[in-house]
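Q: I have a structure on my screen and I am not sure how to read it. Can we go through some features together?

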Amino acid sequence: MMSVVMDHGRTASAVTLDGVDSAAVAAVANELLTVAQGRLDTQEWVAAARDAWEHLPVNLRAAVRRFRRHSGPQGALILRGLPVEEHDVPDTPLVDGSVQRTATVPAAALVMIACGLGDPAAFLPEKSGALVHDVVPVPGKEEFQGNAGSVLLSFHNENAFHPHRPDYVMLLCLRPDYDRVAGLRTACIRQVLDQLSDTGRDALSSAEFTTMAPPSFGGAGGTAPHPVLFGAADDPDLRVDFAATTALTRRGTDALEELRQAFGQAAKTHYLLPGDLAIVDNHVTVHGRTAFQPRYDGQDRWLQRTFALTSLRRSRGSRPDDGHVLVD
């Protein structure tokens with residue numbers, strides 16, 4: 001039995017796997033560990049994960065597909081009870097750029113669910129093009145506005161500067177922080193759209209903003225002027241990174257601050273535990289993280305991350321050999 005809770009208030013939708021379904025996910029994941037010698041970045045391994053998705057528990061697959069069709073007022077889904085055995089989790093990596101290139105049960109579950117949302121994808125300048133990233137604090141990078149930092153991480157759409165930014169961001173908890181204060185923060189434009197002033201909405205819907213690439217891309221440049229809100233007027237898409245998006249006009253600056261404050265008031269904080277997977281709809285929801293104090297002793301917070309694209313075809317020109325890595 002799987003518990004599915006759809007809360008249309010301040011709490012994201014949640015799906016909790018019971019022990020039977022968690023064991024079923026683990027069994028399917030285990031079958032992937034030896035495919036392509038366990039090299040999960042290969043096309044052979046990803047193809048096997050795509051096929052294996054169809055063998056996951058039906059209620060899990062249905063919940064993910066419902067979320068893909070409409071991500072709800074929060075634009076986020078929490079899947080709880082995925083197979084992460086805390087006693088089997090090795091020490092948290094301490095190095096910058098850490099990734100998971102060898103198949104494990106948690107990484108296999110993560111990629112299979114990405115296949116249910118679309119196709120897993122990566123960006124060559126970021127984490128060397130690996131499909132599964134380690135999101136861990138790194139000594140000396142505490143102030144970094146990215147996954148290696150531990151200060152407050154400001155709200156952003158993932159890779160907001162990129163023309164093929166992810167459709168979904170997925171974060172699976174292997175280990176929480178010591179003090180249980182590091183929380184994933186999410187805020188959805190659907191929650192705050194009606195609270196914005198007419199002037200603010202007009203400005204945010206105009207091409208009055210530019211967005212720079214995040215530090216993880218090594219200062220890869222920025223965008224042409226673009227709107228922050230675009231698409232359907234009553235359910236717009238969102239493109240913003242409060243650490244990297246700059247307004248080109250005074251009214252744009254005011255509108256960006258209005259949006260930032262609205263998100264701050266509407267935000268939900270998710271304290272992930274081992275086996276919790278957060279899926280963020282990158283079209284309509286920004287995410288960030290509360291600050292925490294790492295100890296760098298091998299037991300710090302450790303999430304694993306992957307991205308999903310709903311249409312690989314749109315980025316075909318950026319993916320050599322029709323692979324899963326965008327090179328530009």
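**Reading helices and loops**

A: Let us begin with burial in one helix. This is a predicted model. In helix α1, the residues D21, S22, V25, A26, V28 and A29 are buried.

Q: Where do the buried residues of α1 fall, seen down its axis?

A: Look down the helix and note the directions. The buried residues of α1 fall within an arc of 165°, so they line one face of the helix. On the other side of α1, G19, V20 and E31 are exposed.

Q: What span should the 13 residues of α1 have, at 1.5 Å a residue?

A: Take the expected span, then check the ends. For α1 the expected span is 18 Å. Its end C-alpha atoms are 19 Å apart, which agrees.

Q: At what angle do α1 and α4 pack?

A: Compare the two axes. Helix α1 covers residues 19-31, and its axis lies 9 Å from that of α4. The angle is about 95°. Angles of 65 to 115 degrees count as roughly perpendicular. The helices α1 and α4 are therefore roughly perpendicular to each other.

Q: Which residues make that contact?

A: From α1 come V25, A26, V28, A29 and N30. From α4 come V105, A108, A109 and M112. Sorted by class, the contact of α1 with α4 has eight nonpolar residues, one polar and no charged. Look back at the buried list: V25, A26, V28 and A29 are among the buried residues of α1.

Q: How do the axes of α2 and α4 cross?

A: Helix α2 runs over residues 43-53, and helix α4 over residues 105-117. Their axes come within 8 Å and cross at roughly 70°. So α2 and α4 are also roughly perpendicular to each other. On the α2 side, the contact is made by W45, V46, A49, R50, A52 and W53. On the α4 side, A108, V111, M112, I113, C115 and G116 make it. By class, the contact of α2 with α4 has 10 nonpolar residues, one polar and one charged.

Q: Now the loops. Is G149 buried or exposed?

A: Read the relative accessible area. Under 20% means buried. G149 has 1%, so it is buried. This glycine is found in the loop between β5 (133-135) and β6 (153-156).

Q: What does G149 touch?

A: Leave out residues up to four places away in sequence. G149 then touches P137, K141, E142, F144, R289 and F292. P137 is 12 residues from G149 along the chain, and their C-alpha atoms are separated by 5.4 Å.

Q: Where is E126 found?

A: E126 is in the loop between β4 (119-123) and β5. At 2% relative accessibility, E126 counts as buried. Beyond four places in sequence, E126 touches H133, E158, N159, S216, F217, R305 and F307.

Q: What sign does phi have in most residues other than glycine?

A: Most residues other than glycine have a negative phi. Now take R180. Its phi is near 55°, a positive value. R180 sits in the loop between β7 (168-175) and β8 (184-188). At 47% relative accessibility, R180 counts as partly exposed.

Q: What is the phi of Y296?

A: Phi of Y296 is near 55°, a positive value in a residue other than glycine. Y296 lies in the loop between β15 (285-289) and β16 (302-309). With 23% relative accessibility, Y296 counts as partly exposed.

Notes. Residues numbered from 1 in each chain as written. Predicted model: local features only at pLDDT ≥ 70, side-chain atom pairs only at ≥ 80, totals over all residues. Heavy atoms only, no water. Axes fitted to C-alpha atoms, helices over the stretch in contact; angles between N-to-C directions. Helix = DSSP H or I, 4+ residues; strand = E, 2+ residues; numbered from the N terminus. Parallel < 35°, antiparallel > 145°, perpendicular 65-115°, else oblique. Contact = heavy atoms within 4.5 Å. Nonpolar A, V, L, I, M, F, W, Y, C, P; charged D, E, K, R; others polar. Expected span 1.5 Å × (residues − 1). Buried < 20%, exposed > 50% of the residue type's maximum accessible area, 1.4 Å probe, protein only. Arc of directions from axis to C-beta.
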